[in-house]
Amino acid sequence: MSEKEQAKIRRIASTKPMNLLMRDYFVELAEASEDPSKKIAWCTSVGPAELLRAFGFHVYFPENHGAMIGSARLAAEVIPRANALGYSPDICSYLTSDVGAFLAGQSPMTKVDDRIKGVPRPDVLVFSTNQCRDVQDWFQWYGRHFGVPVIGVHSYRGIGEVRDVHVKAVAGQIEALVPELERVSGTRFDIDRLRETVALSRRCSDLWKEVLDTAAARPAPLTFFDGTILMGPAVVLRGDRRANEFYEVLLAELRERISKREGAVEGERFRIYWEGMPVWGRLRANATLFIEKAACVVASTYCNSWIFQAFDPRDPFTSMARAYTELFIVRDDTYKEKYIDAMVDFFSVDGIIFHDAKTCPNNSNSRYGMPQRYVENKGIPTLVVNGDLNDMRLVSDEQMTTNIEAFIEQLAERRG
Amino acid sequence: MADLFCGVDAGAATTKVVVADASGGILGSAVSRSGIDFAGTARKDLDEALSGAGRDRASIIRTISTGYGRTNVDFADGAMTEIACHAAAVHFRFPRPVTVVDIGGQDSKVIRIDAGGRRTGFRMNRKCAAGTGAFLEEIALRLDVDLSELDRLAHGATDPVSLGSFCTVFTMTEILGLIRHGRRIEDIAHGVYDSVVKRVLEMDPLEGEVVMTGGVVEHNSMVPELLSARLGRTVAVLERAQLAGAHGAALIAARDRPETDSK
């Protein structure tokens, strides 16, 4: 039997209730889109979603939609439409594929349920540039198209220590969103509702961290590739009680796997950290490739990005500001290297793979010598793979496969 | 009697087969265009290599395949990446820490190996033909010269050009401009090879002893000469450099064979 035939993705049973939850969420958005009495806010994936929920908005995350377009391998087909409008093929392929899909009248959400006809109509678009400037440009395009306000938070970038001055400035910007959100929603701001959503988000974040931390077990009960799917509720439903209920179920399943020593990768030999974006159009292929080689990608910066330990319902604006500024992507390389060091230790990692995503410089940390510094300073083998999150025209499957296989061979040689 | 080991390098451009004895000595080899039938080409080359060694298929104990078509070689007992195989072949001749530079038909690689032959790191080119054999093939085609002539032409350069483009297509546009300005083809050919070397130097600082492998350096001595000039020290070229992947695969077949593995 070939390695390919042997390689099996061990499905996590909780994926099924998660899919139902995600379906409900998308259907609710579709229904709200048809009901003028309901208000929809679009939000960047690490934007101030808690504030939006506190106003009763249905919250839609275009980046989640971008990932769905990538997973459906629709991106390369629709990106040229955005390029034709002057959005370069070198900028964020979430942006270009999402705008392109909209122009083409296509959405993978329509495959989820017949009631979903496309992306929901926004009443307001709310961004935070803590990830990149592209999200602002992305939202501005839709703002012009729908004729609705685009408001947001301009974050710091590349900071080392998060200081009070940073937090205060961002908290002020989040608070300044309130009057416009009151106007659009027709709802008076209620600090207690915000406290409640922040508390729910904090619980969601804590549960999500516990889920990811289970991969410290040997063998790891889940992989990075599982995580990229299972993180759905932490992204789009944080601040909603249902997300927390789901993660309780998932956590129980993963703990049972640990107690039975049931790994996500049969015969796990190597443990790898993935730094950077997933290659959405190759998720299954990459998951299978690692399984074939008895290698488990146990942890990633990407999945960790929805852990917000600063959330504190007693001080919602300040704690949101801190949580959304503490993020890995906002920080300087010194912080990032220390962060990855801690991950390498906690998850007992043998090597680090850096994904240099052509259209996502902010999530590509291999461009300023970091992989080489790890080898030199820590003796940890690193690999850089060139690819992209969505635009599969930028991915060479053969090169990616050879690189990953050769890296695992290298890890095997090190072990002797 | 089964006492030989086989390595098949099913590369993007050419397939190479080596049959070697247990001590790693090459007894027979074959090279041909890979075409579209990787398995068929590999079988044909295997028979040719065995014929050269005066042996038959029953002599083979174990076969390892490598190269882009490695999983298509249906008679192989296992597959390894070309990075592993080139490292093995170089370590066989250079049993000390070295940096391997392999320029293949479709990609270029830099592999660092330690005194024990273990890889300590490697780099491959990006998704781009620049700096590979495919780049040279394309330029030769556009210049309307036989690929085998390009190296000779480059050695006749008197006033070499410097090409600034990264991309194969735009390099050709740049070359067309140089032709229009009356530059000699010999000087342009030199610039084409220098462009390949520059792409390699972008991949790694190339510290320590450097050994080159692959078909491009076996057939184009201008490449190691220019790399030596740019590094300020002589780089070695592995003997029978084009066979490095296949030889390394045969060495790994011999090294990793299970105790019970016999036919």
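Colleague: How far apart do the C-alpha centres of domain 1 of chain B and domain 2 of chain B lie?
Modeller: In this predicted model, the two C-alpha centres lie 26 Å apart. Domain 1 of chain B is made of residues 4-84 together with 244-255, while domain 2 covers residues 95-237.

Colleague: What makes you say that domain 1 of chain B and domain 2 of chain B are in contact?
Modeller: The cut-off is that two residues are in contact if their C-beta atoms lie within 7 Å. On this basis, 7 residues of domain 1 of chain B are in contact with 12 residues of domain 2 of chain B. The side of domain 1 that touches domain 2 has 5 nonpolar and 2 polar residues, with no charged ones.

Colleague: Which residues have the most contacts inside the largest nonpolar core?
Modeller: That core has 211 residues, and the ones with the most contacts inside it are A:Ile272, B:Cys6, B:Val223 and B:Ala250. From each of domain 1 and domain 2 of chain B, this core draws at least three residues. To take B:Cys6 as an example, and leaving aside residues up to four places away in sequence, it touches B:Val17, B:Val19, B:Leu46, B:Ile60, B:Thr63, B:Ala250 and B:Ala253.

Colleague: Why are α2(B) and α9(B) described in terms of direction as they are?
Modeller: Helix α2 (residues 82-93) of chain B and α9(B) pack at an angle of about 85 degrees, with their axes 7 Å apart. Angles of 65 to 115 degrees count as roughly perpendicular, and the two helices are therefore called roughly perpendicular to each other. On the side of α2(B), the residues that meet α9(B) include B:Cys85, B:His86 and B:Ala89, and among their partners in α9(B) are B:Ala244, B:Gly248 and B:Leu251. Sorted by class, the residues of this contact divide into 11 nonpolar, 4 polar and 1 charged.

Colleague: How do you know whether α2(A) and α13(A) are roughly parallel or roughly antiparallel to each other?
Modeller: The axes of helix α2 (residues 15-34) and helix α13 (residues 241-259), both of chain A, come within 10 Å and cross at roughly 170 degrees. Angles over 145 degrees count as roughly antiparallel, and the conclusion is therefore that α2(A) and α13(A) are roughly antiparallel. A:Pro17, A:Met18 and A:Leu21 make the contact from α2(A), with A:Arg242, A:Phe246 and A:Val249 on α13(A). By class, this contact has 5 nonpolar residues and 1 charged residue, with no polar ones.

Colleague: What makes helix α16 of chain A largely enclosed by the rest of the structure?
Modeller: A residue is buried if 20 or more other C-beta atoms lie within 10 Å of its own. For α16(A), which spans residues 316-325, 9 of the 10 residues are buried, so the helix is largely enclosed. Among the buried residues are A:Phe317, A:Met320, A:Arg322 and A:Tyr324. The buried residues of α16(A) pack against α3 (49-54), β3 (124-128), α8 (164-176) and α10 of chain A.

Colleague: How do you know whether A:Arg282 is buried or exposed?
Modeller: The cut-off for a buried residue is 20 or more other C-beta atoms within 10 Å, and A:Arg282, with 21 of them, is therefore buried. A:Arg282 is found in the loop between β5 (270-275) and α14 (283-292) of chain A. In sequence, A:Arg282 and A:Asp388 are 106 residues apart, while their C-alpha atoms are 10.0 Å apart in space.

Colleague: Why is B:Arg240 not simply called buried or exposed?
Modeller: A count of 20 or more would make a residue buried and 12 or fewer would make it exposed, so B:Arg240, with 18 C-beta neighbours inside 10 Å, counts as partly exposed. The residue lies in the loop between β10 (236-237) and α9 (244-255) of chain B. Its phi is near 50 degrees, which is a positive value in a residue other than glycine.

Colleague: What makes the phi of A:Ser348 worth a remark?
Modeller: Most residues other than glycine have a negative phi, whereas the phi of A:Ser348 is positive, near 50 degrees. A:Ser348 is in the loop between α17 (333-346) and β7 (351-357) of chain A. With 14 other C-beta atoms within 10 Å, A:Ser348 is partly exposed.

Key:
Residues numbered from 1 in each chain as written. Chains lettered and ligands numbered in written order. Predicted model: local features only at pLDDT ≥ 70, side-chain atom pairs only at ≥ 80, totals over all residues. Axes fitted to C-alpha atoms, helices over the stretch in contact; angles between N-to-C directions. Helix = DSSP H or I, 4+ residues; strand = E, 2+ residues; numbered from the N terminus. Parallel < 35°, antiparallel > 145°, perpendicular 65-115°, else oblique. Nonpolar A, V, L, I, M, F, W, Y, C, P; charged D, E, K, R; others polar. Core = buried A, V, L, I, M, F, W, Y, C linked by C-beta atoms within 7 Å. Domains from an automatic or database assignment.
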